[in-house]
Amino acid sequence: MNGPAATNSPVASSAPTSAKSTVATPATAIVNIASLVTNDPSLGDGTPLGLIQDAAVVVEGDRVVWVGESRKAPATDNRVDAAGRAVIPGFVDSHSHLVFAGDRTAEFNARMSGQAYAAGGIRTTVAATRAASDADLERNLTRYLAEALRQGTTTFETKSGYGLTVEDEARALRIAAAHTDEVTYLGAHIVSPDYADDPAAYVALVTGEMLDACAPHARWVDVFCEKGAFDGDQARAILTAGKAKGLHPRVHANQLSYGPGVQLAVELDAASADHCTHLTDADVDALAQSATVATLLPGAEFSTRAEWPDARRLLDAGATVALSTDCNPGSSFTSSVPFCIALAVRDMRMTPDEAVWSATAGGAAALRRTDVGRLAPGAYADLAVLDAPSHVHLAYRPGVPLVEQVWRRGVRAV
């Protein structure tokens, strides 16, 4: 497991990384933690998870200011007893599609009866999203954000991509930006049905007027580089135009078939190549030798009965791997990172340690963040308290709601 890239985020700040930081009051100490995942090897047992047994975390404001053994915790105004539970960083879900309307139950039911998944199913959601009001879209978004928070997700990325007009893509991003800094312009989700007979004209729109309207509301630009969506040349034009507007690339890459997506992501220094189901040896090598994170989305394979990505192959090659939900109404309608962790361990050959790291620090790396996905001095105080003595229970007890508390920015939210 490789650590997150040391890249600044819009809200990151330089802060001490030593466990010996001075604690100012008022502060809160969470003590009697059976097992603490810090994702900082220098603070714990030397493994990527940086485990500390019988641990404590001290929070001041929205940041972690101290971690270490519980018996050594400094005096604070407030103390919270974790009662022998495990504590992990809040999950960082670096790939979701939450600004949408409508339902695709019928499509899922048909697919589970033998119909293969096809990218064209997105058009159903496009029609419903265009017809929805801003209030309806925001209500839907906040519903799923609350659902994710209850399951331990404290940082999330989300995309446009279900409007495919200038107005609808821009409003999706405006709505998303009210709830997260990690907003992605995905006008290039599929070719808009309005341009079915002229894909080149749609690419021109995506790289022109639509980009102009959307760039002020986004941090990232993404493209679905796949047969039935956008080919390599189109994807390069879209991502390059986004970079020229100050947006950093991400790529839906190699989900349904072998293709140029991963190589393009590495070439353009994309923060992540997402899906990575069909990879050549050259693709794996390129990811391992780059700062581009391979973001794996097991909910999509579960919901489409598709081939699982080979996480073991990527990890053994030295690639950085993230795990995310891909929460969307068509191909992965889950907001549960714990569920994805269990799938990754059972069906993608990850160890429980690797899966938890990938769902926390890995997700942070996929967003080029150093202030989330870890519990170390200077990081945001985003954490989940598990009703279990170890993080391993997330895979060991699949489907059980183990997240007992969630703290976000130093405040208990669940």
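**Exercise 1.** Which residue in S17 is the bridge partner of Arg408?

*Solution.* This is a predicted model, so every step below rests on computed values.
- Start with the strands: S16 (residues 403-408) pairs with S17 (residues 411-412) in the antiparallel sense, over 2 bridges.
- Now look across from Arg408: its bridge partner in S17 is Val411.
- Finally, inspect the turn. S16 and S17 make a hairpin with 2 residues between them, and Arg409 in that turn has a positive phi of about 55°.

**Exercise 2.** Find the bridge partner of Ala384 in S16.

*Solution.*
- Strand S15 covers residues 383-386 and pairs with S16 in the antiparallel sense over 4 bridges.
- Follow Ala384 across to S16 and you arrive at Val406.

**Exercise 3.** Work out where the buried residues of helix H2 sit around its axis.

*Solution.*
- List them along H2 (residues 122-131): Ile122, Thr125, Val126 and Thr129 are the buried ones.
- Check their spread: because they cover an arc of only 105° around the axis, they lie on the same side of H2.
- Then see what they meet: the buried residues of H2 pack against helix H3 (134-150) and helix H4 (166-177).

**Exercise 4.** Describe the surroundings of Phe333.

*Solution.*
- Locate Phe333 in the loop between strand S14 (321-323) and helix H12 (337-347).
- Judge its exposure: Phe333 has a relative accessible area of 41%, so it counts as partly exposed.
- Leaving aside residues up to four places away in sequence, Phe333 touches Phe100, Tyr144, Ser303, Cys327 and Asn328.
- Compare sequence with space: Phe333 and Ser96 are 237 residues apart in sequence, while their C-alpha atoms are 9.8 Å apart.

Technical notes
Residues numbered from 1 in each chain as written. Predicted model: local features only at pLDDT ≥ 70, side-chain atom pairs only at ≥ 80, totals over all residues. Heavy atoms only, no water. Buried < 20%, exposed > 50% of the residue type's maximum accessible area, 1.4 Å probe, protein only. Arc of directions from axis to C-beta. Contact = heavy atoms within 4.5 Å. Pairing = 2+ DSSP bridges.
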